[in-house]
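Hi,

Here is the model I said I'd pass on. Have a look at it first, and my notes on what turned up are underneath.

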Amino acid sequence: MENTKKEYKINKEKCIGCGSCSLTCSEGTEMDTDGKAIVISSAKLEECGGVDVCPYGAIEIDNGEEIDEEEE
Ligand code: SF4
């Protein structure tokens with residue numbers, strides 16, 4: 001099993017929906033119905049440059065860990 005590949009995700013809080021990533025990397029990302037980007041292929045996005053594809057820092061590496069949003 002290949003388990004070393006990075007998984008990417010879009011941080012929808014940071015994504016402003018500029019569409020740049022889907023133009024730069026149409027095989028890796030596309031625009032979702034909410035006007036923000038989604039990752040459709042982490043492997044393709046990696047080839048396009050990964051997190052650097054988004055000038056706004058909205059593309060993040062997702063290691064598959066669940067993020068607990070605990071409020072104190
Ligand atoms: S380039 Fe970044 S801010 Fe623009 S749509 Fe893609 S993820 Fe969102």
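Before the notes, one cut-off to keep in mind: a residue is called exposed if 12 or fewer other C-beta atoms lie within 10 Å of its own, buried if there are 20 or more, and partly exposed in between. Also, this is a predicted model, so read everything below in that light.

With that cut-off, Asp 52 is an easy call: it has 10 C-beta neighbours inside 10 Å, so it counts as exposed. You'll find Asp 52 in the loop that links helix H2 (42-48) to strand S4 (59-61). From its C-alpha to that of Cys 21 is 9.5 Å in space, although 31 residues separate the two in sequence.

Now the overall layout. The protein chain has two helices and four strands, and starting from the N terminus the order is β-α-β-β-α-β. There are 72 residues in the protein chain, and 18% of them are buried. If you take the contacts between residues at least 6 apart in sequence, 54% of those join residues at least 24 apart.

On to the ligand. It has 14 residues around it, and the ones that come nearest are Cys 15, Cys 18, Ser 20, Cys 21 and Cys 54. Sorted by class, that shell holds 10 nonpolar residues, three polar and one charged.

Cys 15 deserves its own paragraph. It sits in the loop between strand S1 (8-10) and helix H1 (20-24). Is Cys 15 buried or exposed? Buried, because 22 other C-beta atoms lie within 10 Å. Skipping its neighbours within four places in sequence, Cys 15 is in contact with Ile 10, Lys 36, Ala 37, Tyr 56 and Ala 58. For Ala 58, the C-alpha separation from Cys 15 is 5.1 Å, at 43 residues apart in sequence.

Cys 15 and Ala 58 also both belong to the largest nonpolar core, which has 11 residues. Other members include Tyr 8, Ile 10, Cys 21, Cys 25, Leu 45, Val 53 and Cys 54. What does Leu 45 contact, leaving aside neighbours within four places in sequence? The list is Tyr 8, Cys 25, Gly 28, Thr 29, Val 39, Gly 50 and Val 53.

Last, the loop between strand S2 (29-31) and strand S3 (37-39), which is where Gly 35 lies. Gly 35 has 11 other C-beta atoms within 10 Å, so it is exposed. Its C-alpha is 5.6 Å from that of Gly 17, and the two are 18 residues apart along the chain.

Asp 32 is in the loop between S2 and S3 as well. Here the count is 15 other C-beta atoms within 10 Å, so Asp 32 comes out as partly exposed. Asp 32 and Gly 17 have their C-alpha atoms 9.1 Å apart, with these positions 15 residues apart along the chain. Not counting residues up to four places away in sequence, Asp 32 touches Ala 37 and Ile 38.

Shout if you'd like to go through any of this together.

Cheers

How values were computed. Residues numbered from 1 in each chain as written. Predicted model: local features only at pLDDT ≥ 70, side-chain atom pairs only at ≥ 80, totals over all residues. Contact = placed C-beta atoms within 7 Å. Near = placed C-beta within 6 Å. Nonpolar A, V, L, I, M, F, W, Y, C, P; charged D, E, K, R; others polar. Core = buried A, V, L, I, M, F, W, Y, C linked by C-beta atoms within 7 Å.
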